[in-house]
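Visitor: I would like to know how the labels put on a model like this one are justified. Please take me through some of them.

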Amino acid sequence: MDKNLKIGIIGLGLIGGSIFKALCALKCDVFGVSRSEETIEKAREYSSNVSTSMDILKECDVIFVCTPMNKTLETLDKLESIVSSKAIVSDVSSLKSFLCKKDRPYQFIPTHPMAGTEFNGFDKSFESLFQGSKWVITPFEEVKQNDLNTLSGIIQTLGANPIFSTPDKHDEAVALISHMPMLISQALFKAASGNELALKLASSGFRDMTRLALSNEEMAQDMLNLNADNIQTSILNLYASVGDLLGEDYKNKITEIKKIRQDMYKDGVNVL
Ligand code: NAP
């Protein structure tokens, strides 16, 4: 990655704060923008280039929009009158298709880091969040190879592995592995919570199965609103899988599932 790049981050929460802290630690030329003065004061301990105004991003070569999903479109719109036509603007929101409906006067390349925690805000962000994770890049119009290389270079510098896909395929995939599991985790907790003894007896299996019930509520609501069709299809797929498993040959089918699941993670890391 070219250390002379001026990199802007808007929304210094869990994801934006983690990108900001990691790039500050690497002594990159970083500019941070966030909504509240309180967050900006905390960010000032890492860099003096921080503000509640996006005007400080005028000279940036690359900008990551890391606001909540429901603020991403309006932030991309505001940037149109601020950054140069040569700037690469990216985002990190958990859904991609809804952002790819219009042309932008800058080079817009949507992305989604496949890393996170159930916490939010600058205090919970940390520079190693992306180490060893995957980071999806979903170009949707003609993109200069140089710009893709620049963005991939930053993502690799943050410790993540870039994976290329399309916005639609991305949204379908994350419904299966992230949005449906979150909804199931919440529903599972709700189902058990009517039984006092069940909650008292619950141990690590139930804890692991319901971790996603701790997801950030604003993000969860955005996922359900913006990916409803894919989530519905995933849930129908899940019903069909339950039906299939409960049919004949249950033991052989779960033996096969167990084998694929065992091969997929080595020391807790997805090796596919
Ligand atoms: P977060 O911790 O709540 O951070 C969002 C930050 O955006 C807040 O700290 C807030 O800053 C700032 N903000 C809100 N409105 C703003 C505005 N209009 N202008 C500038 N800043 C604004 O949320 P997050 O978990 O980092 O999520 C951010 C994005 O990352 C979302 O699009 C989400 O889908 C995506 N994502 C999240 C995860 C995850 O696991 N959490 C994983 C991958 C991708 P103040 O503190 O200044 O109010």
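What follows is a set of questions about labels, each answered from a value and a cut-off.

Guide: One caution before we start: this is a predicted model.

Visitor: Why is His179 called buried?

Guide: Buried means under 20% relative accessible area. His179 has a relative accessible area of 1%, so the label applies. His179 is part of helix α5, residues 167–192.

Visitor: Which residues is His179 in contact with, leaving aside its neighbours within four places in sequence?

Guide: They are Ser94, Leu95, Val174, Met223, Asn227 and Ile231. Contact here requires heavy atoms within 4.5 Å.

Visitor: What makes Asp267 exposed and Asp249 partly exposed?

Guide: Exposed means over 50%, and partly exposed lies between that cut-off and 20%. Asp267 has a relative accessible area of 82%, so Asp267 is exposed. Asp249 has 47%, and is therefore partly exposed.

Visitor: Where do Asp249 and Asp267 lie?

Guide: Asp249 is in the loop between α9 (228–245) and α10 (250–264). The loop that holds Asp267 joins β9 (265–266) and β10 (269–270).

Visitor: Why would the phi of a residue such as these be remarked on?

Guide: Because most residues other than glycine have a negative phi. Asp249 is not a glycine, yet its phi is positive, near 70°. Asp267, also not a glycine, has a positive phi of about 50°.

Visitor: How do you know that the length of helix α4 agrees with its number of residues?

Guide: The expected span is 1.5 Å times one less than the number of residues. Helix α4 (residues 145–157) has 13 residues, so it should span 18 Å; its end C-alpha atoms are 18 Å apart, and the two values agree.

Visitor: Which residues of α4 are buried, and what covers them?

Guide: Asp147, Leu148, Leu151, Ser152, Gly153, Ile154 and Ile155 are the buried residues in α4. Their cover includes the strands β1 (6–10), β4 (62–65), β5 (88–91), β6 (107–113), β7 (134–137) and β8 (161–164).

Visitor: What follows α4?

Guide: Gly159 does, with a positive phi near 95°. Gly159 is also in contact with Gln131, as is Leu158. Gln131 sits in the loop between β6 and β7.

Visitor: How far is Gln131 from Ser234?

Guide: Their C-alpha atoms are separated by 29 Å, and the two residues are 103 apart along the chain.

Visitor: How many disulfides does a search of the whole structure find?

Guide: Zero. Cys24 is in no disulfide, since the nearest cysteine sulfur, that of Cys28, is 8.3 Å away, whereas the pair must be within 2.5 Å. Cys66 is in no disulfide either, with the nearest cysteine sulfur, that of Cys60, 12 Å away.

Visitor: Are Cys24 and Cys66 buried or exposed?

Guide: Cys24 has a relative accessible area of 13% and is therefore buried. Cys66 has 10%, so Cys66 is buried too.

Visitor: What lines the second largest pocket, and what is its volume?

Guide: The lining residues are Ile257, Ile260, Arg261 and Met264, and the volume is about 240 Å³.

Visitor: How is that lining divided by class?

Guide: The lining has three nonpolar, no polar and one charged residues. Ile and Met count as nonpolar and Arg as charged, so the classes follow from the residue names.

Key:
Residues numbered from 1 in each chain as written. Predicted model: local features only at pLDDT ≥ 70, side-chain atom pairs only at ≥ 80, totals over all residues. Heavy atoms only, no water. 1 Å grid on protein atoms, 1.4 Å probe; cavity = no way out; pocket = protein on both sides within 12 Å on 5 of 7 lines; lining within 4 Å. Points joined across faces, edges and corners; volume = space filled by probe spheres on them. Helix = DSSP H or I, 4+ residues; strand = E, 2+ residues; numbered from the N terminus. Buried < 20%, exposed > 50% of the residue type's maximum accessible area, 1.4 Å probe, protein only.
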